[in-house]
Amino acid sequence: MALGPELALSEIADGAIVAHRGKIVDLGPTAEVLERTTPGPDTRMIDAQGRAVLPGLVDPHTHMLYALDRMDEMELRHQGRGYLEILAAGGGILKSMRDFRATDDDTLAARLLERLKEAVASGTVALEVKSGYGLSLKEEMRALGVIEKVRKLTAFPIVPTLMAAHALLPDVEREAYLKECDQAATRAAKAGLAKAADVFVEEGVFTPEEGRRLLTHARQAGLRVRLHADELAPSGGAELAAELGAVSADHLTAATDEGLAEMARAGVTAVVLPGTSFFLHRAPLAAERVRQAGLIAALATDCNPGSSPFRSMAMMVALAFHQNRFTVAEALTMATINAAHVIGEALSLGSLTVGKRCSLFVLSGEDVRDLVYRPGAPLAWAVVESGRVLIGQGRPTEEVATWTIS
Ligand code: NIG
Ligand code: FE
């Protein structure tokens with residue numbers, strides 16, 4: 001499905017949803033559903049009192065596993081220093097690497113948990129988390145281990161991605177590190193610790209040739225293939241994503257029209273990251289370019305300490321409308337079913353459909369446009385993940401309170 005202006009949301013006025021064992025078993029107009037369903041003594045009824053009920057939001061691109069913030073760097077950028085300039089001077093991702101290596105597993109897990117809770121509180125019901133601040137075979141495997149620990153503890157749908165190829169350390173030999181990335185992909189795939197591999201293909205980081213080599217190996221190891229592409233300069237990332245038939249290419253703010261068209265022809269999803277454009281004060285990827293190229297697009301936070309500290313997908317929907325100029329219907333499609341497709345969960349998430357997980361985002365009001373009308377407002381009246389109520393009456397439930405590292 002390409003995102004065209006004809007796209008509309010389908011709406012049930014006065015609807016009801018029935019879930020059993022975490023999955024949707026019936027939905028439709030309330031009167032009809034109640035005729036077909038007999039509540040039992042254990043049935044839990046939630047009356048949303050006319051509020052808008054949406055599929056829970058899915059965040060398909062985060063670097064949420066990190067140790068410390070990078071507020072100083074934010075101020076440097078405000079004074080005019082560039083993102084890659086700061087990286088080249090040993091800051092940026094390299095600072096996050098040093099912080100990561102100096103932090104123990106439990107502390108890292110606790111910080112990931114806090115960010116996850118914030119994401120849930122703004123409507124997220126599943127997300128991707130990348131490694132990428134370890135930057136050695138050992139530390140990247142440690143990162144995937146911490147993500148796995150949090151996934152198990154919460155039973156929340158966290159989909160892990162190996163991003164060993166996030167930066168090259170100045171004192172590490174290029175070829176030696178590419179080999180470590182390959183080893184990490186082999187091990188992660190074998191241990192089931194990653195579903196996908198991602199490479200930062202960008203001028204000054206990894207070349208398209210290196211991306212091709214790493215992702216070809218990762219695919220052979222059994223991982224899905226994704227790219228950070230053309231974020232700061234046209235670097236051949238979109239074209240490489242098309243050539244490889246990648247699941248997604250993300251960022252794309254500097255991609256060429258031809259690169260975008262090639263992606264569309266190859267069925268590669270464009271992951272739009274409006275939080276990053278906002279935070280780095282850069283021009284966003286215009287919705288019109290995505291439409292012109294005929295691309296399938298998804299939306300994500302890119303949550304990371306440097307270029308986008310956002311955890312809220314609801315905020316991304318608002319930014320996608322106001323900054324990229326997507327319609328409300330497009331932005332919601334990008335944040336639900338298209339995002340679910342990117343993490344390989346389109347059959348279980350992303351729409352209110354019988355057989356899928358009962359994962360819901362219940363707004364505090366009745367009009368879905370509140371999402372873009374009131375950016376930053378606490379809009380979640382309830383968030384349900386696979387039938388578990390994680391936010392109720394606007395507050396985290398006892399279930400969420402059990403998500404702690406002892
Ligand atoms: O997607 N572009 C590369 N990686 C991240 C930023 C990571 C960081 O700055 O820590 C991104 O924006
Ligand atoms: Fe990213």
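Biologist: Looking at this model, how many nonpolar, polar and charged residues make up the shell around ligand 1?

Modeller: Bear in mind that this is a predicted model. Sorted by class, the shell around ligand 1 holds 4 nonpolar, 8 polar and 3 charged residues. In total, 15 residues surround the ligand, and the closest are Arg70, Tyr83, Tyr133, Glu231 and Ser307.

Biologist: Which atom of ligand 1 sits 2.7 Å from the side chain of Glu231?

Modeller: That's a nitrogen atom of the ligand, paired with an N or O atom of the Glu231 side chain. For the oxygen side of things, look at Tyr83, where a polar side-chain atom is 2.5 Å from a ligand oxygen. Ser307 also has a polar side-chain atom by an oxygen of ligand 1, this time at 2.6 Å.

Biologist: And how much of the ligand does the protein bury?

Modeller: On its own, ligand 1 exposes 320 Å², and the protein buries 100% of that.

Biologist: Okay, on to the sheet. Is the pairing parallel or antiparallel?

Modeller: In general, strands of a sheet pair through backbone hydrogen bonds, and either arrangement can occur. Here the pairing is parallel: 8 strands form an open sheet, ordered β4-β5-β6-β7-β8-β9-β10-β11. The edges are β4 (57-59) and β11 (297-299), each pairing on one side only. On average, neighbouring strands are turned by 25° against each other, ignoring direction.

Biologist: How many bridges join β7 to β8?

Modeller: There are 6, linking residues 196-201 of β7 with 224-229 of β8. Try finding Asp198, whose bridge partner in β8 is Arg226.

Biologist: Which strands does helix α6 touch?

Modeller: Helix α6 (residues 137-154) packs on the sheet against β5 (124-130) and β6 (158-165), and its direction makes about 175° with that of β6.

Conventions:
Residues are numbered from 1 along each chain as its sequence is written. Chains are lettered from A and ligands numbered from 1 in the order in which they are written. This is a predicted model: local features need pLDDT of at least 70, side-chain atom pairs count only at pLDDT 80 or more; totals for chains, interfaces and linings use all residues. Side-chain values use heavy atoms; hydrogens and water are left out. A residue is near a molecule or strand if one of its heavy atoms lies within 4 Å of it. A polar contact is a pair of N or O atoms within 3.5 Å; within protein, one must be able to donate a hydrogen and the other to accept it, and residues adjacent in sequence count only if both atoms are side-chain atoms. Accessible areas come from the Shrake-Rupley method with a 1.4 Å probe; for residues, only the protein chains shown count as cover. Ala, Val, Leu, Ile, Met, Phe, Trp, Tyr, Cys and Pro count as nonpolar, Asp, Glu, Lys and Arg as charged, and the others, Gly among them, as polar. Two strands pair if DSSP finds at least two bridges between them. Helices (H or I, at least four residues) and strands (E, at least two) are DSSP runs, numbered from the N terminus. Axes are lines fitted to C-alpha atoms, for helices over the stretch in contact, and angles run from 0 to 180 degrees between N-to-C directions. Contact means heavy atoms within 4.5 Å.
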